[in-house]
Amino acid sequence: GLYSFVEADDGRVFRCTVRRLLKSLTTEERSVVTTGDLVQLVPTIPGEGVIEHVQPRHGVLTRASRRREHVLVANVDQLVI
């Protein structure tokens, strides 16, 4: 979608857009931000912000989609099926 919902360290939830530069840098992955990503955001107006940076991921669950990697969830420590 156009927005990502980010929970801050203090528990507040921000509706965020992704900085345009981040979108242009991502070529191998289908999306820039996914569930579980640790991000840095800059608040703009109350309750909204812009994602400026995505921290490196570990423990990802992916699938192939049109010859590109689609990350379903990131920073997973345990998965139970």
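Is Thr34 buried or exposed? In this predicted model, Thr34 counts as buried because its relative accessibility is just 13%, and buried means under 20%. As for where this residue lies, Thr34 sits in the loop that runs between α1 (20–25) and β3 (39–43).

A look at the surroundings of Thr34 fills in the picture. Leaving aside residues up to four places away in sequence, Thr34 touches Arg57, Val71, Leu72, Val73 and Ala74. Val71 turns up again in a polar contact: the Thr34 side chain reaches the backbone oxygen of Val71 at 3.0 Å.

Next comes the nonpolar core. The largest one has 8 residues, namely Val6, Phe14, Cys16, Val18, Val32, Val33, Ile51 and Val54. Two strands, β2 (13–18) and β4 (48–54), each supply at least two of these core residues. Of the contributors, β2 gives the most, with 3 residues. As a general point, nonpolar side chains in soluble globular proteins tend to be buried together.

Strand β4 is also home to His53. With a relative accessible area of 33%, His53 falls between the 20% and 50% cut-offs and is therefore partly exposed. Along the chain, His53 and Leu41 are 12 residues apart, and their C-alpha atoms are separated by 7.2 Å.

Definitions and conventions:
Residues are numbered from 1 along each chain as its sequence is written. This is a predicted model: local features need pLDDT of at least 70, side-chain atom pairs count only at pLDDT 80 or more; totals for chains, interfaces and linings use all residues. Side-chain values use heavy atoms; hydrogens and water are left out. A nonpolar core is a set of buried Ala, Val, Leu, Ile, Met, Phe, Trp, Tyr and Cys residues joined through side-chain atoms within 4.5 Å. Buried means under 20% relative accessible area, exposed over 50%, partly exposed in between (1.4 Å probe, protein chains only). Helices (H or I, at least four residues) and strands (E, at least two) are DSSP runs, numbered from the N terminus. A polar contact is a pair of N or O atoms within 3.5 Å; within protein, one must be able to donate a hydrogen and the other to accept it, and residues adjacent in sequence count only if both atoms are side-chain atoms. Contact means heavy atoms within 4.5 Å.
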